[in-house]
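Let's take a friendly walk through this structure, from a helix to the sheet and the core. Keep the viewer open as you read.

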Amino acid sequence: MYVGTLSFDLLLGDVRSLKEKRSVVRPIVAELQRKYAVSAAEVDHMDLHRRAVIGLALVSGDAGHVSEVLDQCERLVAARPEVELLSVRRRFHGEDD
């Protein structure tokens, strides 16, 4: 069994309220879940309206599949024009861990 996680630290564009923040973050989380069958959620900076951290996790029996899906998720978030990707933290846990 292989587990991969990503944590995206995002700076949101012209967002002035937590309601506007939700309208930016929720579609990203939903698209990650729908397209790649990952578990995803906003996990930090809930009280800040211009910052967000989205975390996601994936479990698979194939290490190559985990790496490929994590790469695709990272490209999807990086391509979103309404957010600036400040950093990405990737973790991979394999059978030897």
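## Helix α1

A word before the tour: this is a predicted model. Helix α1 covers residues 18-36, which makes 19 residues. From its first C-alpha to its last, α1 reaches 27 Å, close to the 27 Å expected at 1.5 Å a residue. Just after α1 comes Ala 37, with a positive phi near 55 degrees.

The buried residues of α1 are Lys 21, Val 24, Val 25, Ile 28, Val 29, Glu 31, Leu 32 and Tyr 36. If you wonder about the spacing in that list, an α-helix has 3.6 residues a turn, so residues three or four places apart point the same way. The cover over these buried positions includes β1 (2-12), β2 (39-44), β3 (51-60), α2 (63-78) and β4 (83-93).

## A partly exposed position: Gln 33

Gln 33 also sits in helix α1. Is Gln 33 buried, exposed or partly exposed? Its relative accessible area is 35%, and because buried means under 20% and exposed over 50%, Gln 33 counts as partly exposed.

Leaving out residues up to four places away in sequence, Gln 33 touches Val 38 and Ala 40. For a sense of distance, the C-alpha atoms of Gln 33 and Ala 78 are separated by 16 Å, with their places 45 residues apart along the chain.

## The four-stranded sheet

Now to the strands. The sheet is open and has four strands in the order β2-β3-β1-β4, with antiparallel pairing. Its edge strands are β2 and β4, each of which pairs on one side only. On average, and with direction ignored, neighbouring strands are turned by 20 degrees against each other.

Here is how the pairs are joined. Antiparallel strands β1 and β4 are linked by ten bridges, and Phe 8 stands opposite Val 88 in β4. As for the helices, α1 packs on the sheet, where it touches β1, β2, β3 and β4, and its direction makes about 10 degrees with that of β3. Helix α2 lies across β1, β3 and β4 and runs at about 10 degrees to β1.

## Strand β3 and its partners

How many of the ten residues of β3 are buried? Seven are, so β3 is largely enclosed by the rest of the structure. Ten bridges connect β3 to β1 in the antiparallel sense, with Thr 5 standing opposite Ala 57 in β3. The antiparallel pairing of β2 with β3 runs over five bridges, and Glu 42 has Ile 54 in β3 as its bridge partner. β2 and β3 also form a hairpin with six residues between them, and His 45 in the turn has a positive phi of about 60 degrees.

Val 59 is a useful contrast to look up, as it lies in strand β3 but is exposed, with a relative accessible area of 54%. Apart from neighbours within four places in sequence, Val 59 is in contact with Met 1, Tyr 2 and Val 3. The C-alpha atoms of Val 59 and Val 3 are 4.6 Å apart, although 56 residues separate them along the chain.

## An aromatic pair

The count of aromatic pairs comes to one. Tyr 2 and Phe 92 form this pair, with 5.9 Å from centre to centre and 25 degrees between the planes. Because planes under 30 degrees apart count as stacked, the pair is a stacked one.

Why does this pair tie together parts that are 90 residues apart in sequence? Tyr 2 lies in strand β1 and Phe 92 in strand β4, so the contact joins those parts. Tyr 2 is buried, at a relative accessible area of 18%, whereas Phe 92 is partly exposed, at 39%.

## The nonpolar core

The largest nonpolar core has 25 residues, and those touching the most other members are Leu 32, Val 38, Ile 54, Leu 56 and Cys 73. Each of β1, α1, β3 and α2 supplies at least two residues of this core.

Leu 32 is a good residue to end on. With residues up to four places away in sequence left out, Leu 32 touches Ala 37, Val 38, Ala 40, Ile 54, Leu 56, Cys 73, Leu 76 and Val 77.

Technical notes: Residues numbered from 1 in each chain as written. Predicted model: local features only at pLDDT ≥ 70, side-chain atom pairs only at ≥ 80, totals over all residues. Heavy atoms only, no water. Expected span 1.5 Å × (residues − 1). Buried < 20%, exposed > 50% of the residue type's maximum accessible area, 1.4 Å probe, protein only. Contact = heavy atoms within 4.5 Å. Pairing = 2+ DSSP bridges. Axes fitted to C-alpha atoms, helices over the stretch in contact; angles between N-to-C directions. Phe/Tyr/Trp six-rings, centres within 6.5 Å; stacked < 30°, edge-to-face > 60°. Core = buried A, V, L, I, M, F, W, Y, C linked by side-chain atoms within 4.5 Å.
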